[in-house]
Every structure is written in structure tokens, then in C-alpha cells.
Amino acid sequence: MQTQPDQHFEVAIIGAGFSGLGMAMALKQDGIDDFVILERAADLGGTWRDNSYPGCACDIPSVLYSWSDEQNPEWSRLFAPQPEILECMKAVVARHEIDGHLRFDTEVQSADWEGERWRIETSHGTTLTADVVVSGAGALADPKIPDLPGLDRFKGTVFHSSRWNHGHDLNDKNVAVVGTGASAIQFVPRIQPDVKRLHLFQRTPPWVLPRAEPEIPSRWRRTLSKHPRLMHATRYAMFSLLEMFHFAFRHPALMRLTTERRARRLIQRQVPDPELQAKLIPDYRMGCKRVLGSDRWYPAISAPNVDVITGGVDHLTEHVIVDEHGVEHEVDTIIFGTGFEATDPPIAHRIRGRDGNTLAESWRGSPKAHLGVSVQGFPNLFFLLGPNTGLGHNSVLLMVEAQTAYIRQALAYRRRHDLATIEPHPEAVKRFLAEVDEGTKGSVWTAGGCSSWYLDKTGRNSTLWPWSVRAYRRRLARFDPAEHHMTQPRPARVLTPAQA
């Protein structure tokens, strides 16, 4: 027997990160106050709340890492550190009076379509309903920890970089870092001087480009604050510069002739040991995996107290990691920098559509959404940073804003025509997916010679948008009713005196 819902909302937003909060601000601007934000953690911030590891910072220039209408002239560095980004988010939420819509420590356990509304069960044991659900859960929200034989027997301290154990002192410890991705490249240089020995497990080396991290002079920050037009011009100039890089991702030969040469020179300049150099040069095209930037990475892993172990972990004992070559490494701390469940997000196992199947069952290992926003068979469900909307060259917040604007149009159309449901036509979904798949053919992501988290278990790129941000904005500039199936609300049932 189903319990009666505690409350009904026009819109329920899942997640209080950049995506969810941006959607909330957009609803406010449209005069919609009947919404709730369901956040499983005790505070807002999403990725920028969870990732508090040493050295955590944005890897996109700070000027692009804010909402377009809430630009921040006070960034202290070209690449803003995590505490500044989180503080900026909180300040914006306060200005827009979003606080009253937030429900913290409230995880969505299930969301089921009930004909004309969504029924949502939460971790509090409460039930609510909503006409529309917008998922801002994000692809980089749930840490991925490999199922290593013997991990449950290990007696030391274990944690993932996105759940950093700040109470654990790394000084004079034998530390193993598993993974050499975007998080490791930031925290390894910070912890390397403090640890006794650092065992870095590198299955495949990343491509790393030099990246200066200059402070932004206070006089420049004051100038930007006084002259908003200059702030906008600076942002536009940086956006346009980064936009040009998408050509190289689609044409691997360009990548080899340009940025790969810079990356090789960086290794030669910063790594004196030829044997270590050989370990650090990737055998795949740059961009096939996420391109990283750092001037500190190679000096840190060239230090005398660091061992770079090529290959993965075979198994663990109580105090030892045994690598794939059978070599034992005695450690007392393991830090996983192994990424996230990007192509199999847990939220997909909790949302059930019209036919009773979950998103995960519908996707069958390959997430698909029309324009990266909506899914056939799941009425009134919209995604922010959904499938095929990630980027390798520019700020994903620009993609989120395009999606938010599109969803606003869809909701306005729904209200204007008094519709019960909106969902994409199967033909529209097929056309969009065919375009994306064609766009990724021959790109560094599918023809670059590597296996990456961009590709799902079927081998399809279900993560990235293969063209420019401008192209995506144009694609989402207008909500097209012809691409959607829509229904009117059922007429209210009139009871006869006998039925009453």
C-alpha cells in the first residue's frame, strides 16, 4: 500500500551543485517558486563540496567557472582553488534566496512515474510528488573504487580522493596512490614532500601540458570589479580561445602536431631520468583521455621518495600491495584517484519510467538522451550535464546554461498549453544520437588508441559532446514541440451521488 505524499511540487531538482542551483535560479527568474532541491549531503556544492583534497582547484580558467549572470571578479588565481569556488557558490545562493528550497541530508532513494507525476521516496522516509524532475546529480558525483582482491583485509587507512580523510596524518607514512588522473595530478605534488615513501600506481600515463598558476593581482581584480564590461570581455576572449581547441580533438593529426609536442618537451625538461621518461610518455593520442595541466606533476614524481609503478594492483594483504609484476609494496595508506561512475551513475538505477524499467535498464550500459537533456519513456524528466554533454576543451558550465535555458522553454511551453507530459519522440532521439556518433568517428576519443571513462561498456562515447559549445547552444536555442510527444491532463472524474 502506497503512503500519501507529504508534499507536492511543480519541480523537484536532484542535487545542489552548479547544475541544480543554476536551475533553481532560473526557476526563480521565471516566477516559479513551487520547487524543491533534494541534496543527499549536509551542504551544497556538489563536486566542489566533495573534492577538498590538497591542491584541489579548477582546471578551467576561473573567469569561465561561474554563472554568466554571476561573474566573480575576485578570483585570486587564474585557476581558482576549491574553497573559493565553494564560497562563491554559497554567496550566489544567498543572494538569490535559494536557501528555503534546499533539503539537505535528503537522498533520493527512488523516483517512479505514476501517470502524470513523479513519486519520490527519500532517505528520510518521506514521500513527495512532483510534476517535473530535473536531475543535476552530475556524472562526477559517485567515486569509483576498483574491486581489488584482498582490499577488505587491508589493515591500513583507505580513502578516495573525493572523500579525503583530513583527520589522517600523511607525514612519514608509506602511501600508495592508485590512479594518475585529474585529481592525482593535483594532490600528489602537495603530499609528496610530506610522505616517507609514495608508491604511484600508473596503469596508463596521462598527457600533461605546462600550466602556470599565477595569482591575479589585486589591482586587476579591482579593475574588473569596477568595470563589468571588461569582465565580460575577458570572459568572452578566454571562451573564444578555448573554443578553437575542439578542432584538434576531432582531428587527431592536429593534436599530434601541436599540443603533443609541447607535452613531450615538458617531460624532457622536467624528468632527467631516461628510464622514468619512458614510463611517462603515453602511447595514445592526446585527448583520448582527459588532458591534464601542471608544472608540478613531473618534478613531484621524479623525487627520490617516489616509485612510479607501471601497471595495476594484483592483490592486497594486510599491509602490502602486490603489483601485476609480483612485486610487494609495504604501505599503510591507500588513496584512490580512480575517478567516478560516469557512465553508470547510481541515480540511473533509482529512476523508473512509464514502463516500470529503471533508466539503467533502459540504457543497457550506454546512456542516451535527446540533446543530452530528455529520455524517451521518462516523461517530464530532464537532465543537466546528461549523456554526451561533457567537454574536453571548455567550461561545462556553459553547457549547463544552454541546457537550463532549453528546459525553461520546455516548462514554459508546458504551462502555456496546459500539458500534463512532455517526452522526446523516438525518431528525434535516434536522429540526435546518430549525429553525435557520426561526430565522434575518427576523433581522439574513439580513434585515439586508449580506453577511457569517456566510453561506456559498449564502447560508445556516451559522455562527450564532439563539437563546440557554440554548436551546442545553437542546437538548444529553441525548444521544438515537433520533436516531442505531449499529453493533456486527464479530466477530473465526476462522481455520481451513488459513487460519492
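A crossing of two helices is left-handed if the near helix is turned anticlockwise from the far one by less than a right angle, and right-handed if clockwise. Helices (H or I, at least four residues) and strands (E, at least two) are DSSP runs, numbered from the N terminus.

The model is predicted: local features need pLDDT of at least 70, side-chain atom pairs count only at pLDDT 80 or more, and totals for chains, interfaces and linings use all residues. Residues are numbered from 1 along each chain as its sequence is written, and side-chain values use heavy atoms, with hydrogens and water left out.

**Exercise 1. Describe how α1 packs on α3.**

Step 1. Take the angle. Axes are lines fitted to C-alpha atoms, for helices over the stretch in contact, and angles run from 0 to 180 degrees between N-to-C directions. Helix α3 covers residues 82-95. The angle between α1 and α3 is about 20°, and their axes are 11 Å apart.

Step 2. Name the arrangement. Angles under 35 degrees count as roughly parallel, over 145 as roughly antiparallel, 65 to 115 as roughly perpendicular and the rest as oblique. The α1 and α3 pair is therefore roughly parallel.

Step 3. Give the hand. α1 and α3 cross in the left-handed sense.

Step 4. List the contacts (heavy atoms within 4.5 Å). From α1 come F18, L21 and M25; from α3 come I85, M89, V92 and V93.

Step 5. Sort them by class. Ala, Val, Leu, Ile, Met, Phe, Trp, Tyr, Cys and Pro count as nonpolar, Asp, Glu, Lys and Arg as charged, and the others, Gly among them, as polar. This contact has 7 nonpolar, no polar and no charged residues.

**Exercise 2. Do the same for α1 and α13.**

Step 1. Locate the helices. α1 spans residues 18-29 and α13 spans residues 396-416.

Step 2. Take the geometry. Their axes come within 10 Å and cross at roughly 40°. That makes α1 oblique to α13. The crossing is right-handed.

Step 3. List the contacts. F18, S19, G22, M23, A26, L27 and Q29 of α1 touch L397, V400, T404, I407, R408 and L411 of α13. The classes are 8 nonpolar, 4 polar and 1 charged.

**Exercise 3. Describe the packing of α5 and α6.**

Step 1. Locate the helices. α5 is residues 218-226, and α6 is residues 228-243.

Step 2. Take the geometry. The angle is about 110°, with axes 5 Å apart. α5 is therefore roughly perpendicular to α6.

Step 3. List the contacts. W220, T223, L224, S225 and K226 in α5 meet P228, L230, M231 and T234 in α6. By class, there are 5 nonpolar, 3 polar and 1 charged residues.

**Exercise 4. Work out the order and edges of the sheet of 5 strands.**

Step 1. Recall pairing. Strands of a sheet pair through backbone hydrogen bonds, either parallel or antiparallel. Two strands pair here if DSSP finds at least two bridges between them.

Step 2. Read the order. The open sheet runs β7-β16-β8-β9-β12, with parallel pairing.

Step 3. Find the edges. β7 (157-160) and β12 (306-310) each have a single partner strand, so one side of each is left without a neighbour in the sheet. Neighbouring strands are turned by 15° against each other on average, direction ignored.

Step 4. Check one pair. β9 (residues 197-202) pairs with β12 over 5 bridges, in the parallel sense. L200 has V308 in β12 as its bridge partner.

Step 5. Add the helix. α4 (residues 184-191) packs on the sheet and touches β8 (174-178), β9 and β16 (333-336). The direction of α4 makes about 170° with that of β8.

**Exercise 5. Locate and describe the disulfide.**

Step 1. Count. A disulfide is a pair of cysteine sulfur atoms within 2.5 Å. The structure holds 1.

Step 2. Name the pair. C288 is joined to C450, with S to S at 2.0 Å.

Step 3. Give the hand. The S-S torsion of C288 and C450 is about -100°, so the disulfide is left-handed.
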